[in-house]
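Hi,

Here is the structure I said I would pass on. Have a look at it first, and my notes follow underneath.

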Amino acid sequence: MHVLILGATGAVGVLLIKEALVAFHTVVVYARAPEKLPEEIKYDPRVTVHKGQLDDREALSSAMKGVDAVLSALGPSVSRGPLYPKGTPLALAYSLIIELMKSHHVRRLLALGTPSITDPNDKFSLRMSIIVNGVATLARTAYQDVVAIGETIRGQGNDLDWTIARVPLLSGANDKKFVVGYVGDGKTGIWLTRAGFALFVMQELKNNEWVKKAPLITLP
């Protein structure tokens with residue numbers, strides 16, 4: 001497949017690019033600062049790089065031409081706490097992304113999410129409740145943005161085959177093992193590696209087992 005990857009210069013995004021290349025996909029990277037990409041990615045002939053902001057309709061539309069799927073590692077920076085901007089900027093970006101996907105007849109969207117985006121299949125988990133409430137308290141605007149991302153994809157993505165891959169706390173370990181389920185189901189936990197997320201996205205892109213669903217992906 002020919003895939004567009006957003007959020008590609010972050011730690012998760014770089015791993016997503018590498019997994020896509022391992023799976024023999026060709027990649028379009030759309031990034032505000034593509035110079036941050038590792039050299040081996042920037043100069044890989046299977047990778048095309050477009051520079052632009054998430055609110056630049058023309059540049060984003062150009063990057064989306066001819067792709068088969070959009071893979072997004074975009075996510076609010078919780079670490080910025082109260083400094084994270086108001087106005088749900090990433091949710092607004094997703095609104096434009098979805099609009100352009102429809103205009104370019106791109107149906108498949110796999111997007112990074114967190115348990116702050118709730119799901120009807122979730123059950124109560126004390127550990128996850130503490131984490132989510134902590135984010136909502138200490139990084140309120142980031143929390144509001146990720147909740148709005150879920151609402152935007154679900155509300156505007158009726159014509160798309162979307163999957164919101166919700167992740168808990170992320171680590172940089174190399175362990176790629178993961179389980180897929182929902183909060184409080186007895187098998188999911190509160191940790192996942194970035195490498196595990198990237199591998200799940202590639203497998204879901206191939207298998208389409210979680211279309212129009214928002215599973216929780218964690219370490220076993």
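Asp-119 counts as buried, at 11% relative accessibility. One thing to keep in mind before reading on is that this is a predicted model. The side chain of Asp-119 meets that of Arg-154 in a salt bridge, with N and O 3.2 Å apart. That pair ties together distant parts of the chain: Asp-119 sits in the loop between strand E5 (108–113) and helix H5 (126–138), while Arg-154 belongs to helix H6 (residues 140–156), and 35 residues separate them. Arg-154 itself is partly exposed, with a relative accessible area of 27%. The cut-off for buried is under 20%, so Asp-119 falls on the buried side of it and Arg-154 does not.

How many salt bridges are there in total? The count comes to ten. Another one you may want to click on joins Glu-40 and Lys-18, whose closest N and O atoms are 4.0 Å apart. Here too the partners come from distant parts of the chain, with Glu-40 in helix H2 (residues 39–42) and Lys-18 in helix H1 (residues 11–22), 22 residues apart. Both ends are partly exposed: the relative accessible area is 49% for Glu-40 and 37% for Lys-18. A third salt bridge is formed by the side chains of Lys-177 and Asp-175, at 2.9 Å from N to O. Asp-175 is partly exposed in this pair, at 29% relative accessibility.

While we are on charges, the chain has 25 positive and 20 negative ones, and their mean positions lie 4 Å apart.

Now the backbone. Which way does phi go at Phe-24, positive or negative? It is positive, near 70°, and the residue is not a glycine. Most residues other than glycine have a negative phi, which is the reason I flagged it. Phe-24 lies in the loop between H1 and strand E2 (26–31), and it is exposed, at 74% relative accessibility. Thr-88 is another non-glycine residue with a positive phi, near 45° this time. You will find Thr-88 in the loop between strand E4 (69–72) and helix H4 (89–103). Unlike Phe-24, which is exposed, Thr-88 is partly exposed, with a relative accessible area of 22%.

Val-22 is worth a click as well. This residue is in helix H1 and is exposed, with a relative accessible area of 58%. Its C-alpha is 9.6 Å from that of Met-202, although the two are 180 residues apart in sequence.

Stepping back to the whole chain, the secondary structure amounts to seven helices and ten strands. The radius of gyration is 16 Å, close to the 17 Å that the globule rule gives for 220 residues, so the chain is as compact as a globular protein of that length. Along its principal axes, the C-alpha trace spans about 45 × 35 × 35 Å. Of the 220 residues, 51% count as buried. Among contacts with a separation of 6 or more, 71% come from residues 24 or more positions apart. As for the surface, about 10400 Å² is exposed, and carbon and sulfur atoms supply 55% of that.

If you only open one spot, I would pick the Asp-119 and Arg-154 salt bridge.

Cheers

Key. Residues numbered from 1 in each chain as written. Predicted model: local features only at pLDDT ≥ 70, side-chain atom pairs only at ≥ 80, totals over all residues. Heavy atoms only, no water. Helix = DSSP H or I, 4+ residues; strand = E, 2+ residues; numbered from the N terminus. Rg over C-alpha atoms; globule rule 2.2 N^0.38 Å. Buried < 20%, exposed > 50% of the residue type's maximum accessible area, 1.4 Å probe, protein only. Contact = heavy atoms within 4.5 Å. Areas by Shrake-Rupley, 256 points an atom, 1.4 Å probe, with all protein chains shown as cover. Lys, Arg positive; Asp, Glu negative; His and termini not counted. Charge placed at Lys NZ, Arg CZ, Asp CG, Glu CD.
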